[in-house]
Structure formats: structure tokens, C-alpha cells
Amino acid sequence: MNASLAQTETSGSLRSNTMPRMRIFRAYALEAKYESLRMLRAPAFAGPFLLLPVSLYLLFAVLLFGDQMGKDAQGALFTFTGFSILGVMGPGMFGFGITVAMEREQGLLKLKRVWPMPAAASLIAKMMMAMLFVAIVMATMVAAAPFAHLRLSAGQLLNVSLVNVVGALPFCALGFLVGALSSGKAAPAFVNLLYLPMIYLSGILFPLPKSMYWAALVSPAYHLDQLGLASMGVPSIGSPAVHVLVLMGVTLGFAMLALHRIRHVG
Amino acid sequence: MRVGGKLVLVMNNSCLAELSGVTKRFGNTVALDHLDLDVERGELLAVLGPNGAGKTTAISLLLGLQRPDSGSVRLLGQQPGSMEPRRQVGVMMQEAALAPELRVREQIDLVASYYPDPLKPSEAMEITGTAPLQRRLYGKLSAGQKRQVQFALAIVGRPRLLFLDEPTVGLDLQSREIVWATLRRLVGEGCSIVLTTHYLEEAEALADRVAVLARGRMIATGTVSEMRALVVRKRIACRTRLNTADVSGWPDVQTVTRDQQGMHITASNTENVVRLLLAADENLQDLEVQRAGLAEAFTELTQENA
């Protein structure tokens, strides 16, 4: 093995320490690839978050209430979008929350600060991973939809899928903040404390009593659900622009809080 | 500019990393107390010290993971933590856990992608003896194999300056030999290495210079020979009919013990003691005189400063 091991004057002129743009792009791409690969290889993560939404959708919309779905087109639509949002929430909240907490606790985050990793590579990789998982979830939901008497055009399905894939980002930011605040062992419990109430209180699966509407309004799941409906051109509540603003606010606000915490506390 | 009592005009061209008059506190605990430490080009510097001496804090400051309360820190002529010096530094930490779901080759491929002109992953694996592990998941490796992979990650970027924290803990003899040979090769090519280790024979075998820290202060620095010379005592072993009580009363004798191998004496002036031994016992056998090793020097220095 004759490769020179060190950057030294003795092995020729000192090598440039500037990174060509293509190498920086490659570093981002590899980080995203390996982050997705590691989560796909983690059965405790990939199994539940890829299979649970479509399994529950098939259970409720086909096996238990299939006949009613055939008679109630709006019910079929809401069931589809509701379980889709369930599939959007998990990868971001758990993927970010638990991995960031573990990386902090086990010293990998420290190592990443020492390595010359491009500044945002790790965050972007985790976001790409969450969006990839949501894309897979949406593909399984779209494949299951005809069995649940859902009558939507290809364009409508594509629109709601795209909205939901990008809609993973606010949940990534929520998970990121939990990961920045909690230990590796506590992170799953803290994420569940947000995840489970949000499923019920956002009204995505069950209608809420009027007295609880306020809870839906503060939940990013509700806003993403309504935005998905609007993207398909079907009736929705509220202005799509407001939903977008709320989701962007949640994403930027929680991400900035998490970054602040990590920079100052580690 | 005067920092911590030390005049710093321009960073010496041969100095790759420098702590100047650095103080760092954690609450009421002073981790580093006006510490001066520099790493010269092409040297292997072993930083030794008992637990809590400030070794890890010193390395963390040089790597930009922490900031000093006072004093200055320079890494490759720049502020530690900025991207330019990080591209010239390799690091192997003790506690970092890598992603268990990635294969060894994937880990090395990923870290290599951060550097401007890295080794090929296959070269890094060949050099570090990790090629047979390349398809294995990191989480399935033994503790020693994980250290080997971490060493491969430390060198894959072709560093000018390498920080190694206890690199051979948990390694078998063959793997340790590979690490030592690679470190010697790196130093031969002009790479500077900062090594913290509890294995004094490792420092003795590899280091060009040793820095001993205790309670956040530098208590001694120099070559291994210079460090040994700080400890004036030497050891004498022999078979003799003399009894220990008599010998322990002689001038220059510090301790005397006897076991099945014979009598063991530590003395500050061995030449005088040997003359007395030969005069007192004409049948004296198996006489050996040994210099103190780095271990004795380290023990004596740190005890003095405890």
C-alpha cells in the first residue's frame, strides 16, 4: 500500500483544503443515503412506520367499515387522509427525536462537530430520510386506496402525496427539539407524549367536539390534513395559505430552538 | 499580544496546535490552570496524566468542542472548530458510538466524503487491517474491532494532525502492532499526532515528546529519555547473603526488599551502593542495575503533584 497517509510537504506540495463543489454535493448525498439506509435496516423503526399506517387503513377502511366506505365518499376520503397523516408524523418525530437524542448521548454528535462534515448535512440527511419514509407510506396508501372505495384521480393522489412528503418537515422539527432536549432513553417516551395526543386531538381520525377545536388549531397534523384536502380540490376548512404559514412557523421555530440548544448545551 | 503571561506574536510555523495560558473551569472545579501546550510539526506528543488531570479538556479545547475561560487556542493557525482546520485533522475519541446499522465500508466511505483528498476506503481498510470486516455491520463488531474501525476513520482523511484518545484500549496484540506501525508511518510522513494514553509502554514506544498534566497544570514535558532522567533513582537486583536491615541503613539506599529472586534495592546513587555491595559480599551473584522507566517517572511526578 503506497498511498501517502498524511497531508505533508514531504509528500509533495501541501494539498488544497478547499472542497470542490461536487465533493460537497457528494458528502450531502452520501449522508442522506446512509441515514436512510440505517433507518431502513432498523426493524424497530422501519417496520412500524412503514407498515402501521397502511395496515390500520386496511383494517378500518376495508375489513371493518368497507361497506360504509362504499356508501360515504367523504368518509372514505377523510379516512384516507387521516391515516396518511398518521404515516407522515412518525418518521419525522421518532426518526429525528430518537436518533438525535442517541447521537448526543453517545458522543456521535461531538464527533460530527469535529469531522469536516458539511454544516447542514446531518440535518438535511435526516429530513430526506423522513421524506423518503413518507413517500413509501404514501405509495402504500395510494395502492390500498381502491380497496377502500376511494375515488380520486391520479393528479389528486399525486398532489396529496407531494404535500404530505414535504409535510414531514414540521414533524422533523418537533422531533429534533425533543431529541435536543432529552436523553436517548427518555426520547421515545417524550415523543410519544406528543405523538399520541396529537393523533387524537388534531381531529384527523375522529371528529372532535366543538369545545376541543382549539386543540386541533394548535396541531400541525390538523393543518397538514386540511392542506392535503385543499391540494386535491375537495372542501377543506381554513385558508391553505394560513395552513402553510403555520406549518412553516412550526418547522422554523422548533428547528431554531433545537439548534440553539445543541450549539449551547451540546 | 500577551496571553496568560506568554508572549505570542505570530504562531510559529512549525507549531500546528497551541494552548497559551489557557484556563478552563467547570463550576468550582479548575480543569485547566494557565496551561501552555503546543504540538510541533511531525512529532508524536503523548499527553499523560492521572484521571481528572485535564487531558480530555485540553484536547476538547484544541478541537473546538469547548471554549477557554481565558487564554488562547489555535489549531493549524486558525480558530478551532472552523472548517479549514477540521479538514486537516483526524480524530479518534474514546466514547463515540457510530451508527450500528451501517457496514464498516459504508462508515469509512461516509467519513472519507467529508475530506478534500482522502484515502480510498479500500486503502484505509487495508492499512488498518479492517478489510476483512468491510461487509460487517458496525453494531455486530467486538469492542476491539470497533476501535480498529474508529482508527480507520481517523486516518482516512489523510490528516496533518491526528488526535487519538486511548487508541489501543481493547485491541489484541496484532491489531495494536498495526496501529503502532501506522502511527510510526504517519509521523515519518510528517503528520503530527497527539496521543492520550494510560498505557505508559505505548507512550514509551511511540512518543517523541511527553507532556505530563496534573490538576490542570503541566508538571513536566520532554522526551521520554528526559522524563526518565527526572527520576534519579535506579533499581538494583542481586543474590546476596546480606540482610535487608543492614543494607537499608547504607547511604543513598531508598528501599530494600527481598523475595525468591533475591534482593531488590532502589537507590539514588547506584554506583556507590554497588561498590558497597561488592565489598560486603564477595559471593554476590546475578547483579543487575536498571534505570527507572517512564512508568516510574510518571508515578513519581504525579505523586509529587497530587
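## Exercises on chains A and B

**Exercise 1. Determine which residues Ile193(B) touches, not counting residues up to four places away in sequence.**

Under that restriction, Ile193(B) touches Leu44(B), Leu162(B), Leu164(B), Leu183(B), Leu186(B) and Val187(B), where contact means that the C-beta atoms, placed from the backbone, lie within 7 Å. The model is a predicted one, in which local features need pLDDT of at least 70 and side-chain atom pairs count only at pLDDT 80 or more, while totals for chains, interfaces and linings use all residues. Residues are numbered from 1 along each chain as its sequence is written, and chains are lettered from A, with ligands numbered from 1, in the order in which they are written.

**Exercise 2. Describe how strand E9 (residues 192-196) of chain B is covered, and state with which strands E9(B) pairs.**

Begin with burial: 5 of the 5 residues of E9(B) are buried, that is, 20 or more other C-beta atoms lie within 10 Å of their own. Strands, like helices, are DSSP runs, with at least two residues for a strand and at least four for a helix, numbered from the N terminus.

Next, consider the side chains. In a regular strand they alternate between the two faces of the sheet. Here Ser192(B), Val194(B) and Thr196(B) point one way, whereas Ile193(B) and Leu195(B) point the other way, and all are buried.

Then turn to pairing, which requires at least two DSSP bridges between two strands. Strand E5 (residues 44-48) of chain B pairs with E9(B) in the parallel sense over 4 bridges, with Ala46(B) opposite Leu195(B). Strand E8 (residues 161-165) of chain B also pairs with E9(B) in the parallel sense, over 5 bridges, and Phe163(B) has Val194(B) as its bridge partner.

**Exercise 3. Locate the largest nonpolar core and explain where it lies relative to the domains of chain B.**

A nonpolar core is a set of buried Ala, Val, Leu, Ile, Met, Phe, Trp, Tyr and Cys residues joined through C-beta atoms within 7 Å. The largest one has 156 residues, and those with the most contacts inside it are Phe176(A) and Ile193(B). Its largest share, 14 residues, comes from helix H4 (residues 73-105) of chain A. Because domain 1 (2-228) and domain 2 (232-304) of chain B both give residues to this core, it lies between them; the bounds come from an automatic or database domain assignment. A second, separate core of 9 residues includes Ile236(B), Cys238(B), Val256(B) and Ile265(B).

**Exercise 4. Work out the strand order of the open sheet formed by 3 strands in chain B.**

The order is E4-E3-E6 (chain B), with antiparallel pairing. Strand E4 (29-40) and strand E6 (70-75) of chain B are the edge strands, each pairing on one side only. Strand E3 (residues 15-26) of chain B is joined to E6(B) by 5 bridges, and Leu19(B) stands opposite Val73(B) in E6(B).

**Exercise 5. State how many residues chain A and chain B each give to their contact, and which element of chain B supplies the largest share of its side.**

The contact takes 38 residues from chain B and 34 residues from chain A. On the side of chain B, helix H2 (83-86), helix H3 (104-112), helix H4 (121-128) and H6 each supply at least two residues. The largest share of that side, 4 residues, comes from H3(B).

Methods. Buried ≥ 20, exposed ≤ 12 C-beta atoms within 10 Å, placed from the backbone. Contact = placed C-beta atoms within 7 Å.
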